[in-house]
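Here is a friendly note to read beside the model. Please keep the 3D view open as you go through the points.

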Amino acid sequence: MKGFYTILLLIVSNVFMTFAWYGHLKMKQEYSWFAALPLIGVITFSWIIAFFEYSCQIPANRIGFIGNG
């Protein structure tokens, strides 16, 4: 069962990372409010995405290491 949780958390983490890499390109083109954000707004938005991505990745790596390490 731990292997299932590890895989599920890594998939969720990968989805957040995909939004972080590709989403910002489309958001800048399609949403005017996003293009008008100052640098601090872009940094804050990126850190919010990274927080949720790491909230899934770190436990998945820990579970995988303890279970198989």
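The numbered points below go from the whole chain to single residues.

1. **What kind of model this is.** This is a predicted model, so local features need a pLDDT of at least 70 and side-chain atom pairs count only at pLDDT 80 or more, while totals for chains, interfaces and linings use all residues. Residues are numbered from 1 along each chain as its sequence is written, and side-chain values use heavy atoms, with hydrogens and water left out.

2. **Confidence.** The term pLDDT stands for the predictor's confidence in each residue, from 0 to 100. For the protein chain the average pLDDT is 81, and 91% of the residues score at least 70. Where is confidence lowest, and where is it highest? The lowest mean, 74, belongs to helix H2 (residues 32-35), and the highest, 84, to helix H3 (residues 39-68).

3. **Helices and strands.** The protein chain has 3 helices and 0 strands, which gives the pattern α-α-α when read along the sequence. Here helices (H or I, at least four residues) and strands (E, at least two) are DSSP runs, numbered from the N terminus.

4. **Overall shape.** Why is the protein chain described as more spread out than a compact globule? Its radius of gyration is 15 Å, well over the 11 Å that the globule rule gives for 69 residues, so the chain is more spread out than such a globule. The radius is taken over C-alpha atoms, and the globule rule is 2.2 Å times the number of residues to the power 0.38. The C-alpha trace spans about 45 × 20 × 15 Å along its principal axes.

5. **Surface.** About 5600 Å² of the protein chain is exposed, and carbon and sulfur atoms supply 73% of that area. Accessible areas come from the Shrake-Rupley method with a 1.4 Å probe; for residues, only the protein chains shown count as cover. Of the 69 residues, 16% count as buried. Buried means under 20% relative accessible area, exposed means over 50%, and partly exposed lies in between (1.4 Å probe, protein chains only).

6. **Two buried residues in helix H1.** Take a look at serine 13, which lies in helix H1. Is serine 13 buried or exposed? With a relative accessible area of 4%, serine 13 is buried. Leaving aside neighbours within four places in sequence, serine 13 is in contact (heavy atoms within 4.5 Å) with Glu53, Cys56 and Gln57. Threonine 6 also has its place in helix H1, and its relative accessible area of 12% makes threonine 6 buried. Not counting residues up to four places away in sequence, threonine 6 touches Ala60, Ile63 and Gly64.

7. **Leucine 8.** This residue is found in helix H1 (residues 2-30). Because its relative accessibility is 41%, leucine 8 counts as partly exposed.

8. **Methionine 17 and tryptophan 21.** Methionine 17 lies in helix H1 and counts as partly exposed, at 29% relative accessibility. Its C-alpha atom is separated by 19 Å from that of glutamine 29, 12 residues apart along the chain. Tryptophan 21 is found in helix H1 as well; a relative accessible area of 54% makes tryptophan 21 exposed. Between the C-alpha atoms of tryptophan 21 and phenylalanine 52 there are 14 Å, with the two residues 31 apart along the chain.

9. **Alanine 35.** For a stop outside helix H1, find alanine 35 in helix H2. Alanine 35 is partly exposed, with a relative accessible area of 45%. How far is its C-alpha atom separated from that of leucine 25, and how many residues apart are they? The separation is 10.0 Å, and the two are 10 residues apart along the chain.
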